[in-house]
Amino acid sequence: VRSRGYDTCEDEMQHSTWAIAAPIIDASGKVCASLGLVVPLQSVKIEDKRNSFTSLVIAAAKEVSGTLA
């Protein structure tokens, strides 16, 4: 998770869901929160969709982190 900068789970926390989360980093460089997205598993059967959601969540987490700097 640390090396990728995000984590995903499929069908782990809730049946038939896929989720991604990325950290929110505060001004001191510490993780203070996370930003996540949970969607129905059927909506991310195509790898491109997963990649798109992953990119969006990471970008949003970085943007929020930037406001804390």
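# Chatting through a helix, a sheet and a core

User: Hi! Which residues make up the largest nonpolar core here?

Analyst: Hello! In this predicted model, the largest nonpolar core has 10 residues in all: Tyr6, Trp18, Ile20, Ala22, Ile24, Val39, Leu41, Val44, Val57 and Ala61.

User: Which strand gives the largest share of this core?

Analyst: That is S2, with four residues. Strand S2 (17-25) and helix H1 each supply at least two residues of the core.

User: Cool. What does valine 44 touch?

Analyst: Leaving aside residues up to four places away in sequence, valine 44 touches Trp18, Val39, Lys49, Arg50 and Phe53.

User: Switching to the sheet: what order do the strands come in?

Analyst: The order is S1-S2-S3, in an open sheet of three strands with antiparallel pairing. S1 and S3 stand at the edges with a single partner strand each, so each has one side without a neighbour in the sheet. From one strand to the next, the twist averages 20°.

User: How do strands pair in general?

Analyst: Strands of a sheet pair through backbone hydrogen bonds, and they can be parallel or antiparallel.

User: And how many bridges join S2 to S3?

Analyst: Nine, and the two strands run antiparallel. To pick out one spot, alanine 22 has leucine 35 in S3 as its bridge partner.

User: Now the helix. Where does H1 lie?

Analyst: H1 lies across S1, S2 and S3, and runs at about 25° to S2.

User: How does the span of H1 fit its 21 residues?

Analyst: Nicely! At 1.5 Å a residue, H1 should span 30 Å, and its end C-alpha atoms are 31 Å apart, which agrees.

User: Which residues of H1 are buried?

Analyst: In H1, the buried ones are Arg50, Thr54, Val57, Ala61 and Ser65. They cover an arc of only 70° around the axis, so they sit on the same side of H1.

User: What covers them?

Analyst: The cover includes strand S1 (7-10), S2 and strand S3 (31-40).

User: And which exposed residues are on the face turned away from that buried side?

Analyst: On that face, H1 carries Asp48, Leu56, Glu63 and Thr67, which are exposed.

User: Let's zoom in on threonine 54. Why does it count as buried?

Analyst: Threonine 54 has a relative accessible area of 11%, and buried means under 20%.

User: Where is threonine 54 found, and what does it touch?

Analyst: Threonine 54 is found in helix H1, which covers residues 47-67. Not counting residues up to four places away in sequence, threonine 54 touches Tyr6, Trp18 and Ile20. Those three names also appear among the residues of the largest nonpolar core.

Methods:
Residues numbered from 1 in each chain as written. Predicted model: local features only at pLDDT ≥ 70, side-chain atom pairs only at ≥ 80, totals over all residues. Heavy atoms only, no water. Buried < 20%, exposed > 50% of the residue type's maximum accessible area, 1.4 Å probe, protein only. Contact = heavy atoms within 4.5 Å. Core = buried A, V, L, I, M, F, W, Y, C linked by side-chain atoms within 4.5 Å. Expected span 1.5 Å × (residues − 1). Arc of directions from axis to C-beta. Pairing = 2+ DSSP bridges. Axes fitted to C-alpha atoms, helices over the stretch in contact; angles between N-to-C directions.
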